[in-house]
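Me: I would like to practise reading a structure feature by feature. Could you walk me through one?

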Amino acid sequence: MAALANSSMYASTSVGSSLSQAVDQIHASASTGFNVTRHRDQFQERALKDVTMNSNDSAMMLDPSNPLLVREEMQSQKEYFKRIKLTFLEQQAKMHFLSSVMGDDPATVQPGENEELETQNAEMKAELKVLKTSIEDMRSSTISLAEDNAAKHAQMTQQLAEAQAIQKQIRDMELELARIKATHPPEDRMTTAEANEKLDNQIEEIQDLTDRISSTQSRADSTREEVAKVAKEVQRLSREREREEARAKEVREGREAGDTKVDEICRWLTSSMAFYKSLLGIKSVKAVSDNELHLEYDVPNGPVTLGLVFDEYTKRFIDAHLIGSDIDISEPVGVAAGSNDVPGLIADVLVRLRPA
């Protein structure tokens, strides 16, 4: 291990001495003076290639033609070479140490190898730049294609959804058509003539219904007028009812007080009604409904009942019929209904039932 360290130290010392000799030679040449005019172009070309000439601290970078700045620039270059020498020695010591530890020969740099590597590096940089440009173009085209594909994918997805919906509707329609065919077999289907005939019947039925609606509307209007009249009659009867209730209350109060005049009048009316009934031959009076009254008469051919029908709202006489007799009374019924003359109808019917 000590031998390896001594060998690396010796190599570093030999390389350092060669660099020191080169620096001393440059210093000696500098002390002898410069032919600035003869070597100006060459100096400027090489000076501009140097690292120190490209730094912002170099004075000759601002004015390369000024000979007064050469010594200052040379001093700067000497300091720069000293730093390079130190860096080179450190790198060489590291390389020799590693080669002594690893057992490999130290890598050496042949003359012109760096220039060749720089040339290759420049060519590779140019190729890399071209590749970067092509990659950037490919990236842009890829992004554009991706956007187009995304738009096409969205459009195709929408079209696929519409196609699936239409396909589902077609399947539903096929199932509905199969169900209709199963429900209505061909032998039960209507022909064109039957369909036209049914359509004509429906048109006639619609016309009939339209006429009925018109007549019903007319009856509704007349009924509305009759309802209005009945409402007025109800109001009038309500007032009469109130008066009669007041009179009944007065009679009750008088009866409670011992007044029998009303009772005597009622007995007189009852006896009078019985007398008139016997006089007219009326056996009984019976209200079979709210708008129909039956009068039973005693005639030579047996008892006959005259049924009188009144309007439910207006209480006007509208019809009559005989029960127990075949005599036609349609003519006097029509006359009586037109004039609302019930006593005249009864008299005419009794004349027909009791011939002289």
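Reply: Gladly; we will go from the overall layout to the sheet, then to the rings and the charged pairs. Keep in mind that this is a predicted model.

Me: Let me begin with the layout. How many helices and strands does the protein chain have, and in what order do they run?

Reply: The protein chain has eight helices and four strands. Reading from the N terminus, the order of elements is α-α-α-α-α-α-β-β-β-β-α-α.

Me: What share of the residues is buried?

Reply: Of the 356 residues in the protein chain, 15% are buried. The accessible surface comes to about 28,200 Å², and carbon and sulfur atoms contribute 57% of that surface. You can also look at contacts along the sequence: among those with a separation of 6 or more, 32% link residues 24 or more positions apart.

Me: Now the sheet. In what order do the strands lie, and is the pairing parallel or antiparallel?

Reply: The order is 1-2-3-4 in an open sheet, and the pairing is antiparallel. Strand 1 (282-287) and strand 4 (317-323) are the edge strands, each pairing on one side only. From one strand to the next, the twist averages 20 degrees.

Me: Which helix packs on this sheet, and which strands does that helix touch?

Reply: Look at helix 8 (residues 342-353), which touches strand 2 (292-299), strand 3 and strand 4. The direction of helix 8 makes about 155 degrees with that of strand 3.

Me: Can we zoom in on one strand pair? How many bridges join strand 3 and strand 4?

Reply: Strand 3 (residues 302-310) pairs with strand 4 in the antiparallel sense over six bridges. To follow the register, take Leu308, whose bridge partner in strand 4 is Ala320. Then take Leu306, which stands opposite Leu322 in strand 4.

Me: What lies between strand 3 and strand 4?

Reply: The two strands form a hairpin with six residues between them. In that turn, check the backbone of Lys315, which has a positive phi of about 65 degrees.

Me: Next, the aromatic rings. What should I read off for a pair, and how many aromatic pairs are there?

Reply: The general idea is that a pair of aromatic rings is described by the distance of the centres and the angle of the planes. Here the count comes to two aromatic pairs. One of them joins Tyr80 and Phe81, with 6.3 Å centre to centre and 55 degrees between the planes, and this pair is tilted. The other joins Phe310 and Phe317, with 6.1 Å centre to centre and 70 degrees between the planes, which makes an edge-to-face pair.

Me: Which of these residues are buried and which are partly exposed?

Reply: Tyr80 counts as buried because its relative accessibility is 19%, and the cut-off for buried is under 20%. Its partner Phe81 is partly exposed, with a relative accessible area of 36%. In the second pair, Phe317 is buried, with a relative accessible area of 1%.

Me: Last, the charged side chains. How many salt bridges are counted, and where is a good place to start?

Reply: There are nine salt bridges. Start with Arg212 and Asp208, whose closest N and O atoms are 3.5 Å apart. Both residues lie in helix 5 (residues 192-257), four residues apart, about one turn of the helix. Asp208 counts as partly exposed, at 36% relative accessibility.

Me: Which residues are joined into one network by salt bridges that share partners?

Reply: Let us build that network step by step. Arg236 meets Glu233 in a salt bridge of 1.9 Å, N to O. Arg236 also meets Glu240, at 2.3 Å, N to O. Salt bridges that share partners thus join Glu233, Arg236 and Glu240 into one network.

Me: Why are these partners about one helical turn apart?

Reply: Arg236 and Glu233 are separated by about one helical turn because they are three residues apart in helix 5. Likewise, Glu240 and Arg236 are about one helical turn apart because four residues separate them in helix 5.

Me: And are the members of the network buried or partly exposed?

Reply: Arg236 is partly exposed at 32% relative accessibility, Glu233 is partly exposed at 29%, and Glu240 is partly exposed at 28%.

How values were computed:
Residues numbered from 1 in each chain as written. Predicted model: local features only at pLDDT ≥ 70, side-chain atom pairs only at ≥ 80, totals over all residues. Heavy atoms only, no water. Phe/Tyr/Trp six-rings, centres within 6.5 Å; stacked < 30°, edge-to-face > 60°. Buried < 20%, exposed > 50% of the residue type's maximum accessible area, 1.4 Å probe, protein only. Pairing = 2+ DSSP bridges. Axes fitted to C-alpha atoms, helices over the stretch in contact; angles between N-to-C directions. Contact = heavy atoms within 4.5 Å. Areas by Shrake-Rupley, 256 points an atom, 1.4 Å probe, with all protein chains shown as cover. Salt bridge = Lys/Arg side-chain N within 4 Å of Asp/Glu carboxyl O.
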